[in-house]
Amino acid sequence: MRGTNKNRTGRTPLTAWPLVAGAAVAVLTGCAGTATPSGAGASPPAPVSVTSGVPEDAGTASHGYDPRADASADIAAARQAARKDGRAVLIDFGADWCLDCRVLGARFQEPGPSRVLAKYHVVTVDVGEFDRNLDVAADYVDLEASGIPALAVLDPASGRTKVATSQGEFANARTMSADQVEEFLERWA
């Protein structure tokens, strides 16, 4: 039985089941570990089929969460620009390993959401495997409660957080249509 995960009876040993169960939970619940998006005034999005709902490039495309970027400097530059032109700052916390983050990034490229995003200064912040830029994120959103992707909108004048997805509103972004993403972004603009 050397080199196999099965015992003498041909069955997977009980010690392997927690790993199997953990992997299944991660796949079924998304990047955040929450089963459904929620939040004040948020209604859960209607489910869509995986083949037709998730953009084709979402599985492989990078949304642009750059681990080398200086998140604090990027946010400061966006806040300075916001004070000048009056457009709010939208901070997108996530990671390229997260399918829901990649799906949200693909949704941002679709016509409706991209039109609304033009009303914002958008900053992407890489949180790695919850080991990067957590001090920055803590100023705007509760990543423990929200998971990723998480968004925060800053007031252009004061720089204070106007709204944040601390309840995991985008935790299952793969189930959201472009229209649903656009609706959230429009509500906050």
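This presentation describes the fold of one protein chain, beginning with its overall make-up and ending with a single residue.

Good morning, colleagues. Please bear in mind throughout that the structure before you is a predicted model.

I begin with the whole chain. Its secondary structure comes to eight helices and four strands. Read from the N terminus, the elements follow the order α-α-α-β-α-α-β-α-α-β-β-α. Of the 189 residues in the chain, 42% are buried. Among contacts with a separation of 6 or more, 76% are made by residues 24 or more positions apart.

I turn next to the sheet. In what order do the four strands lie in the sheet? The order is β2-β1-β3-β4, in an open sheet with mixed pairing. The edge strands are β2 and β4, the latter covering residues 161–164, and each of them pairs on one side only. On average, neighbouring strands of this sheet are turned by 20° against each other, with direction ignored. As a general reminder, strands of a sheet pair through backbone hydrogen bonds, in either the parallel or the antiparallel sense.

Strand β1 deserves particular attention. With β2 it pairs in the parallel sense, over seven bridges, and G94 stands opposite D126 of β2. With β3, strand β1 pairs in the antiparallel sense, over five bridges. Here I91 has A152 of β3 as its bridge partner, while F93 has A150.

How many of the seven residues of β1 are buried? The count is seven of seven, and the strand is mostly covered. Both faces are covered: A88, L90, D92 and G94 are buried on one side, and V89, I91 and F93 are buried on the other.

Let us now consider helix α3, residues 71–85. At 1.5 Å a residue, its 15 residues should span 21 Å, and the end C-alpha atoms are indeed 21 Å apart, so the expected and modelled values agree. In this helix, A71, I75, A78 and A82 are buried. Why do these residues lie on the same side of α3? They cover an arc of only 65° around the axis, and therefore they share one side of the helix. The general principle is that an α-helix has 3.6 residues a turn, so residues three or four places apart point the same way.

What covers these buried residues includes β1 (88–94), β2 (120–126), α6 (134–138) and β3 (150–154). Just after α3, G86 takes a positive phi of about 80°.

A second helix contact involves α4, residues 99–108, and α8, residues 178–188. Their axes come within 10 Å and cross at roughly 80°. Because an angle from 65 to 115 degrees counts as roughly perpendicular, α4 and α8 are described as roughly perpendicular to each other. On the α4 side, L104, R107 and F108 take part, and they meet A178, V181 and L185 in α8.

I close with V122, which is placed in strand β2. Is V122 buried or partly exposed? At 39% relative accessibility, V122 counts as partly exposed. Leaving aside residues up to four places away in sequence, V122 touches L90 and L117. The C-alpha atoms of V122 and D74 are separated by 9.5 Å, although these residues are 48 positions apart along the chain.

Thank you for your attention.

Conventions:
Residues numbered from 1 in each chain as written. Predicted model: local features only at pLDDT ≥ 70, side-chain atom pairs only at ≥ 80, totals over all residues. Heavy atoms only, no water. Helix = DSSP H or I, 4+ residues; strand = E, 2+ residues; numbered from the N terminus. Expected span 1.5 Å × (residues − 1). Buried < 20%, exposed > 50% of the residue type's maximum accessible area, 1.4 Å probe, protein only. Arc of directions from axis to C-beta. Contact = heavy atoms within 4.5 Å. Pairing = 2+ DSSP bridges. Axes fitted to C-alpha atoms, helices over the stretch in contact; angles between N-to-C directions. Parallel < 35°, antiparallel > 145°, perpendicular 65-115°, else oblique.
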